[in-house]
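The questions below ask why certain labels apply to this model. Each answer sets a value against the cut-off behind the label.

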Amino acid sequence: MSVPTYPLYRGLQAPLAPNPGAMHMGLWFERFFHGYESDFAAVDKEGRSAWLRQFDLKQVGARSELEAKAEKIQQLAASQGGQARIYQCTAPFVTGMGNPHPLENGFTWHPTLGMPYLPGSAVKGLVRAAVELAYQGEDKPALLKRWFGTEAKGDVPEASGSFIFLDALPVEPCALVPEVMTPHVGKWYEKGGKTPTAKDTQPGDWDSPVPVGYLAARNLHLQFAVMPRPGVAAEALELVWQALDYALQWLGAGGKTAQGFGAMQLDQAAMRRRERDAAELRAREEGEEAARQHQAALATMSPVERAIRECLDARKDPNLGEIPALKNAIKAGQWQGDMKRDIALYLRDMMQTAKKWKESTQAKKPEKDGDYQDTLLVQSWIAGK
């Protein structure tokens, strides 16, 4: 294949190679395949492999967009009483292999993020599979109907299930890797179920492997989000997470799970970062709210009360008491005139309440009596000295 051949974009200067930083990778994968023979009669097998190798990319996805989307989904789930948790793939992940594509194996791309993801319907089916496989309680039929709307998959639901399963979206960039499978008995897989005794469909060691390429994602981190419908207890939501955790660990998500693809486990590091970030955000919001309340309180105070409050708030040493702090501020000349006298009167009231106002002393050395000397000092300020 010397010249790329496009069936739909002749003359439109279609890009020859994917550019993760400047294009939607899913759009290029699904619309710009150019591995056809010149007359479009068939797909050039060599060209198909060469085209797929262009997707050997170490990083796909815009981190800032993914993080912003994940935060919005987390907030949405929390606002409805749900939760969002991050899982990391411990094996390659592939989804949408049954989608039509010239490669013979498609891939599921998020329509706006341009990243592999797991649709919410697949997440719901995964949880249901875990319940059907592992749950042994006598109330299993009732549980299936309550959670998913029906006891059996083919039944028509009479009502919605108890939970809403959102799409599992990536939270950070991942890598794309071309993979190859080599089925030896393709005709048996293709037609054996319908014509098991036919000569050309019989499996045997005389068949030759036919390499078929497909695309997989590695180092993928997905955020799963589940929201309960009104009236669902929190305990039931936790049971759903247990079922999902079991399914992701032992069943796997997406395609080729029989080969171990799609296995995931909770991303403990990401969850700890999220908890830390949430705690920091709460602390910051609480600090901002406290500051707003403080400013509102200052606005209702008299000028003297506001001056005292601002002085005390500005203390460099938070362990310094209010009385010595005000006394030091007056000594430093922070206030003059009537303001100084009014604050001295306030300081006198504070000293009286604290039983430190002492207008006389029995000490042999009055200059050693601290409370007495402080009282004389404050009296002098009240007198305008």
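A residue counts as exposed when its relative accessible area is over 50%, as buried when it is under 20%, and as partly exposed in between. The model discussed here is predicted.

Q: Why is Glu 158 called exposed?
A: The cut-off for exposed is over 50%. Glu 158 has a relative accessible area of 69%, so it is exposed.

Q: Is Lys 145 exposed, buried or partly exposed, and what makes it so?
A: Partly exposed covers the range between 20% and 50%. The relative accessible area of Lys 145 is 38%, so the residue counts as partly exposed.

Q: How do you know that Lys 145 and Glu 158 form a salt bridge?
A: A salt bridge needs a side-chain nitrogen of Lys or Arg within 4 Å of a carboxyl oxygen of Asp or Glu. The closest N and O atoms of Lys 145 and Glu 158 are 3.7 Å apart, so the pair meets the criterion. The structure holds 10 salt bridges.

Q: What does the pair of Lys 145 and Glu 158 tie together?
A: Lys 145 belongs to helix H5 (residues 140-148), while Glu 158 sits in the loop between H5 and strand E3 (163-165); the pair therefore ties together parts that are 13 residues apart in sequence.

Q: What makes the contact of Arg 292 with Glu 289 a salt bridge, and where does the pair lie?
A: Their closest N and O atoms are 2.6 Å apart, which is within 4 Å, so the term applies. Both residues lie in helix H8, 3 residues apart, or about one turn of the helix. Glu 289 is partly exposed, because its relative accessibility is 34%.

Q: Why is the contact of Asp 313 and Arg 309 called a salt bridge?
A: The N to O distance between the two side chains is 3.4 Å, and the limit is 4 Å, so the contact qualifies. Asp 313 and Arg 309 both lie in helix H9 (residues 303-313), 4 residues apart, about one turn of the helix.

Q: Are Asp 313 and Arg 309 buried, exposed or partly exposed?
A: Asp 313 has a relative accessible area of 41%, so it is partly exposed. Arg 309, at 24% relative accessibility, also counts as partly exposed.

Q: What makes strand E2 largely enclosed by the rest of the structure?
A: Of the 7 residues of E2, 5 are buried, so the strand is largely enclosed. Buried here means under 20% relative accessible area.

Q: How do you know that E2 pairs with strand E7 and strand E8?
A: Pairing requires at least two bridges between two strands. E2 is joined to E7 (residues 221-228) by 6 bridges and to E8 (residues 264-266) by 3 bridges, so both pairs meet the requirement. Both run antiparallel. Gln 88 stands opposite His 221 in E7, and Met 264 in E8 is the bridge partner of Cys 89.

Q: Why do E1 and strand E5 count as a pair?
A: E1 and E5 (residues 174-181) are joined by 2 bridges and run antiparallel. At least two bridges are needed, so the pair qualifies. Val 60 stands opposite Cys 174 in E5.

Q: What makes E1 and E6 edge strands?
A: The open sheet of 3 strands has the order E1-E5-E6, with antiparallel pairing. Strand E1 (57-60) and strand E6 (212-218) each pair on one side only, and are its edge strands. From one strand to the next, the twist averages 35°.

Q: What is notable about the phi of Asn 219 and of Lys 355?
A: Phi is positive in each, near 55° for Asn 219 and about 60° for Lys 355, although Asn 219 is a residue other than glycine and Lys 355 is not a glycine. Asn 219 is found in the loop between E6 and E7, and Lys 355 in the loop between helix H11 (337-353) and helix H12 (370-382).

Q: Why do Asn 219 and Lys 355 carry the labels partly exposed and exposed?
A: At 49% relative accessibility, Asn 219 is partly exposed, because exposed means over 50%. Lys 355 has a relative accessible area of 75%, so it is exposed.

Note on methods:
Residues numbered from 1 in each chain as written. Predicted model: local features only at pLDDT ≥ 70, side-chain atom pairs only at ≥ 80, totals over all residues. Heavy atoms only, no water. Axes fitted to C-alpha atoms, helices over the stretch in contact; angles between N-to-C directions. Buried < 20%, exposed > 50% of the residue type's maximum accessible area, 1.4 Å probe, protein only.
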